[in-house]
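Let's take a friendly tour of one protein model, looking at how helices pack and how charged side chains pair up. Keep the 3D view open as you read.

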Amino acid sequence: MTGPVPETGVRGAMGADARPSIARVCNRMLGGKDNYLPDEEVVLELEKSAPGQYAAAWASREFQQRVLRYLAEGVGLRQFLDLGAGLPVPGPRRVDTHQIVNLSRAVPEADRPIVVYIDNDPVCVAHGRVLMATDEQTHYLLGDLTDPNLLHDPAVCTYLDLESPIGVLLCGILHHVDDGLGPAGIVRGWVDVLPPGSFLVLTHLCDPGLGDTLHQYAMSCQLRYLETLGSGWFRTRAQIAAFFDGLEMITPGLVGPGRWWPSGPPQRAESVAERLLLVGVGRKPG
C-alpha cells in the first residue's frame, strides 16, 4: 500500500480500480458503501497514528451541516459551490450539501438553493450525477479546484448568479493540495473572483507545533497519509488562518469542528483526530 511521497500534487482521480483513494477513505469514515478493503486499511493505519478518525470525520461533517443551515436560514444564501466534493454518502443521515440546504424550514420549496458540486475525479462525478443531481437545482460537474477561473466556465456559471453571494466549501480537501501548488494563492484566487458578500467555509488538518503533545500525532498521521495516499499535509494554525486573509471571520473564528456553534454542551471528550482539525467561516466584505 505504500509508495513514493510526491514532491508536489493535488488529489488525483481515483479511477475504477481498488487502490486506496481520499474520496473512498472519506466515504468509508462516513459510513458510505463506495469503498474497498484497501480504503478500510488506510483508515486503520490512520487510526493507529491518531485515534478517533471516524469521530473526526463526523465532527467535520456536522460542522458543515451547522454552517449550511446558518447560511441558508440565517443569511439567506441561495447558491453554494462545493469544491472537491468527493463521493456522495446516501442514507438516512442526509449529510450532503444539497440535502442540508433543502431541509431548511425557512426556505420555500419554490426558492430552493442551487448547489453545484465540483470534483476532478470522473468516477466521483459519475456517482454524484446518479445520486445527487436529482433536479434542476443540484449539479455535479468535473473541474479542478486549483483553478479559480473555473467559476467563469460556462459549465459552472450557467447555474450560478455571479452578481449574488455564493457559499464556497473547501472542506477536507485543501490539506491534499501541497505547498508547491500554492494553496494560499488558490484560496485567494477564489476569494477574488467571488461576488461581495460571499462566504468561504474551510476545514483543514492542523499541526499544533513543537512543544504540543499533539504534534507527534499530527506528524505520524501525516506520514501515514503520504505513504498510503500520496497527500495529506498538516499545517499550522497560522498557515490555516492565512487562508482567511481579507475576509471577515464569523464568530467563533478558527476553532475545532465541535466548537463552531454547537447545539449544546459537549457530550463526550474530543478524540485525538478531532483535536487535529481546525474549521472556520469567512465572509468577503462588500
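At what angle do helix α1 and helix α2 pack?

## Two helices meet

The angle is about 75°, and the axes of α1 (residues 22-29) and α2 (residues 37-49) lie 9 Å apart. Keep in mind that this is a predicted model. Two numbers are handy here, since a packed pair of helices is described by the angle between the axes and the distance between them. An angle from 65 to 115 degrees counts as roughly perpendicular, so α1 and α2 are roughly perpendicular to each other.

Who does the touching? On the α1 side, the contact is made by R24, V25, R28 and M29. On the α2 side, D39, E40, V42, V43 and L46 take part. Sort these residues by class and you get five nonpolar and four charged ones, with no polar residues.

## Opposites that pair up

Now for the charges. Side chains of opposite charge can pair when their charged atoms come close. How many salt bridges does a search of the whole structure find? The count is nine.

Helix α2 shows up again here: E45 pairs with R224, and their closest N and O atoms are 2.4 Å apart. These two are distant along the chain, as E45 sits in α2 and R224 in helix α8 (residues 215-228), 179 residues apart. R224 is partly exposed, at 27% relative accessible area. There's a third player too, because E45, K48 and R224 are linked in a network of salt bridges.

## A bridge between two loops

Next, find R235 and D179, which form a salt bridge with their closest N and O atoms 3.1 Å apart. This pair also links distant parts of the chain, with their positions 56 residues apart. R235 is in the loop between α8 and α9 (237-242), while D179 is in the loop between β4 (167-171) and α7 (183-193).

Is each partner buried or exposed? R235 counts as buried, at 4% relative accessibility, because the cut-off for buried is under 20%. D179 is exposed, with a relative accessible area of 55%.

## One more pair

Finally, look at E274 and R268. They form a salt bridge too, and the closest N and O atoms are 2.8 Å apart. E274 is buried, with a relative accessible area of 5%, whereas R268 is partly exposed at 49%.

Conventions: Residues are numbered from 1 along each chain as its sequence is written. This is a predicted model: local features need pLDDT of at least 70, side-chain atom pairs count only at pLDDT 80 or more; totals for chains, interfaces and linings use all residues. Side-chain values use heavy atoms; hydrogens and water are left out. Axes are lines fitted to C-alpha atoms, for helices over the stretch in contact, and angles run from 0 to 180 degrees between N-to-C directions. Helices (H or I, at least four residues) and strands (E, at least two) are DSSP runs, numbered from the N terminus. Angles under 35 degrees count as roughly parallel, over 145 as roughly antiparallel, 65 to 115 as roughly perpendicular and the rest as oblique. Contact means heavy atoms within 4.5 Å. Ala, Val, Leu, Ile, Met, Phe, Trp, Tyr, Cys and Pro count as nonpolar, Asp, Glu, Lys and Arg as charged, and the others, Gly among them, as polar. A salt bridge is a side-chain nitrogen of Lys or Arg within 4 Å of a carboxyl oxygen of Asp or Glu. Buried means under 20% relative accessible area, exposed over 50%, partly exposed in between (1.4 Å probe, protein chains only).
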